[in-house]
Amino acid sequence: MKMLIADLMNRLRGRMTCAETLVLLQQYLDGELTVEEARAVAVHLDSCTRCDEESEIYRQIKASIGAASEVHDSDVLERLQRFGERVGNGEVS
Ligand SMILES: [Zn+2]
């Protein structure tokens, strides 16, 4: 996977890259990360509009899942994977 300029800048600043954030995003929203990991994700979301928007979409998906009786985690995972691929391909501006 090629490194995006924004990811490279994050790396230089000691911050998580978008790819790393996306890997942890679902667990972050589920509250399954350690304090350190959750803080790192929060810092990234604070400084990255596209990941912040993506996390908001997941939050809404999870909220609608919570309202339903059945859990469709695969839907969230699929979306997460698609977004990860788009980021990896440099298609997300
Ligand atoms: Zn990001």
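This section describes the helical architecture, the nonpolar core and the confidence of a predicted model.

The protein contains five helices and zero strands, and its order along the sequence is α-α-α-α-α. Of its 93 residues, 19% are buried. Among contacts with a separation of 6 or more, 52% join residues 24 or more positions apart.

Confidence in the prediction varies along the chain. The mean pLDDT of the protein is 82, and 85% of the residues score at least 70. Helix α3 has the highest confidence, with a mean of 93, whereas helix α1 (residues 5-12) has the lowest, with a mean of 73. Where pLDDT is low, the predicted coordinates should not be read in detail.

The largest nonpolar core consists of eleven residues, namely M16, C18, L22, L25, Y28, V41, L45, C48, C51, F83 and V87. At least two residues of this core are supplied by each of α2 (18-30), α3 (35-47) and α5 (73-88). Helix α2 provides the largest share, with four residues. In soluble globular proteins, nonpolar side chains tend to be buried together.

Helix α2 was examined next. Its 13 residues should span 18 Å at 1.5 Å a residue, and the C-alpha atoms at its ends are 18 Å apart, so the two values agree. The helix nevertheless bends by about 45 degrees at L24. The buried residues of α2 are C18, T21, L22, L25 and Y28; of these, C18, L22, L25 and Y28 also appear in the largest nonpolar core. Just after α2, G31 adopts a positive phi of about 70 degrees.

Helix α3 also has 13 residues, and the distance from its first C-alpha to its last is 19 Å, close to the expected 18 Å. Within α3, the residues V41, H44 and L45 are buried. Viewed down the helix axis, the buried residues of α3 fall within an arc of 100 degrees and therefore line one face of the helix. An α-helix has 3.6 residues a turn, so residues three or four places apart point the same way. The face of α3 turned away from the buried side carries the exposed residues V35, E36, R39 and D46.

Residue V41 of α3, buried and a member of the largest nonpolar core, illustrates the contacts made from this helix. Apart from neighbours within four places in sequence, V41 is in contact with M16, T21, L24, L25, Y28 and L33. Among these partners, T21, L25 and Y28 are buried residues of α2, and M16, L25 and Y28 belong to the largest nonpolar core. L24, a further partner of V41, is the residue at which α2 bends.

Definitions and conventions. Residues are numbered from 1 along each chain as its sequence is written. This is a predicted model: local features need pLDDT of at least 70, side-chain atom pairs count only at pLDDT 80 or more; totals for chains, interfaces and linings use all residues. A nonpolar core is a set of buried Ala, Val, Leu, Ile, Met, Phe, Trp, Tyr and Cys residues joined through C-beta atoms within 7 Å. A residue is buried if 20 or more other C-beta atoms lie within 10 Å of its own, exposed if 12 or fewer, and partly exposed in between; C-beta atoms are placed from the backbone. Two residues are in contact if their C-beta atoms, placed from the backbone, lie within 7 Å. pLDDT is the predictor's confidence in each residue, from 0 to 100. The expected span of a helix is 1.5 Å times one less than its number of residues. The bend at a residue is the angle between axes fitted to the seven residues ending there and the seven starting there. The arc is that of the directions from the helix axis to the C-beta atoms.
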